[in-house]
Amino acid sequence: MVPVMKRILVTGATGQIGSELVPALREKYGRDNVIAAGHRSPPHKALVEDGPYTTLDVTEYTSLENIVRKFQIDTIFHLAALLSAVAEEKPQTAWEVNMQGLYNVLEVSRENNCAVFSPSSIGAFGPGTPRDNTPQDTIQRPNTMYGICKLSGELLCDYYFTRFGVDTRGLRYPGLISYQALPGGGTTDYAVEIFYRAIQEKKYVCFLQKGTVLDMMYMPDAVRAAIELMETDPSQLKHRNAFNLTAMSFAPEELAAQIQKHIADFSISYQVDPVRQSIADSWPRHMDDRAAQHEWGWQPHYNLEEMTKDMIKRLSQKLRAEGQNVT
Ligand code: AKB
């Protein structure tokens with residue numbers, strides 16, 4: 001039976017994915033049925049004006065439980081987490097937020113009969129994983145705190161499904177590119193920063209070296225994937241936590257070349273950050289996402305060319321509307 005989401009909680013709602021997932025869910029399920037929860041006061045007025053907003057620290061079980069009960073939540077999109085580079089700087093905080101937060105969400109969902117969407121990442125793989133056409137089921141020995149949390153999270157979600165019947169589902173997201181909110185602390189952030197610098201200064205200093213190919217996706221596809229997965233009849237799903245997902249793969253110089261088609265005098269140079277470079281070198285270049293295609297019909301809409309065109313257009317509009325400099 002196709003699941004019905006009536007009352008939805010989105011944790012990490014002010015983050016890169018949340019800022020676009022919340023409006024998409026509100027459009028589909030009604031503004032009052034999607035409760036946005038962020039760790040801090042909302043950065044965009046729209047989050048509060050367009051529907052319910054609450055502050056929440058996901059490491060506090062009782063606060064989470066109170067919200068779930070107060071709003072009679074039946075589905076949680078659990079996005080609150082530290083990204084890879086920040087997690088390497090603060091591994092203890094990353095474990096606390098990423099693992100305790102997920103554990104609390106799963107426990108509250110077991111007690112209150114909620115379905116859970118929990119994003120995994122290319123970070124759940126490691127240096128021993130095949131980097132090209134990375135299989136759905138393969139070696140996973142991540143060597144970063146972020147990756148260890150993502151892999152443990154996949155396993156914990158599997159456990160809550162098989163042991164307690166909690167309807168857990170997840171995706172292994174590649175690097176995500178978007179114009180609304182900045183990612184803040186990931187290894188793939190360069191692919192967002194580059195657009196800001198290209199539009200505002202026509203030059204960008206990249207912290208990953210030339211030739212570093214990584215899997216990537218444009219945010220409208222990432223948001224649609226999360227909603228489509230949660231709307232799928234559970235009897236179709238074999239790989240619940242978590243599906244490989246991809247849309248495009250490129251190295252920094254390939255993205256720069258696409259940008260140059262729109263901003264001819266844009267230039268890229270390189271100043272490598274060894275921490276983020278070594279994280280990137282342990283991640284897949286291109287995942288095999290046939291399980292997602294076969295089990296729930298996944299298809300991306302944006303490739304590198306289409307994403308670049310749309311990003312430049314929409315980010316330029318956004319920056320102009322904010323009164324910021326656009327060259
Ligand atoms: C990061 O770079 O940490 C994230 C990810 C790929 O999970 N964008």
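## Helix crossings and two residues

Helix α9 passes helix α12 in a right-handed crossing (the near helix is turned clockwise from the far one by less than a right angle; helices are DSSP runs of H or I, at least four residues, and strands E runs of at least two). The model is predicted, with pLDDT of at least 70 needed for local features and 80 or more for side-chain atom pairs, while totals for chains, interfaces and linings use all residues. Residues count from 1 along each chain as its sequence is written, and side-chain values use heavy atoms, without hydrogens and water.

**Exercise 1.** Work out how the axes of α9 and α12 are oriented, and which residues meet.

*Step 1.* Locate α9 at residues 252-260 and α12 at residues 304-321. Their axes (lines fitted to C-alpha atoms over the stretch in contact, angles 0 to 180 degrees between N-to-C directions) come within 10 Å and cross at roughly 55°.

*Step 2.* The pair is therefore oblique (under 35 degrees is roughly parallel, over 145 roughly antiparallel, 65 to 115 roughly perpendicular, the rest oblique).

*Step 3.* Now look for contacts (heavy atoms within 4.5 Å). From α9 come Glu 254, Leu 255, Gln 258 and Ile 259, and they meet Leu 304, Glu 305, Met 307, Thr 308 and Ile 312 of α12.

*Step 4.* Sorted by class, this contact of α9 with α12 has five nonpolar, two polar and two charged residues (nonpolar: Ala, Val, Leu, Ile, Met, Phe, Trp, Tyr, Cys, Pro; charged: Asp, Glu, Lys, Arg; polar: the others, Gly among them).

**Exercise 2.** Do the same for α5 and α6, starting from the angle between them.

*Step 1.* Helix α6 spans residues 145-164; α5 packs against it at about 15°, the axes being 10 Å apart.

*Step 2.* That angle makes α5 roughly parallel to α6.

*Step 3.* The crossing of α5 past α6 is right-handed.

*Step 4.* Among the contacting residues, α5 offers Trp 95, Leu 102 and Arg 110, and α6 offers Cys 149, Leu 156 and Phe 164.

*Step 5.* The residues of this contact divide into 15 nonpolar, three polar and two charged.

**Exercise 3.** Is Glu 111 buried, partly exposed or exposed, and how does Thr 188 fare?

*Step 1.* Glu 111 sits in α5, which covers residues 91-112. With 44% relative accessibility, Glu 111 counts as partly exposed (buried is under 20% relative accessible area, exposed over 50%, partly exposed in between; 1.4 Å probe, protein chains only).

*Step 2.* Thr 188 lies in the loop between β10 (175-177) and α7 (190-201). Thr 188 has 11% relative accessibility, so it counts as buried.

*Step 3.* Leaving aside residues up to four places away in sequence, Thr 188 touches Gly 175, Leu 176, Leu 214, Met 216 and Trp 283.
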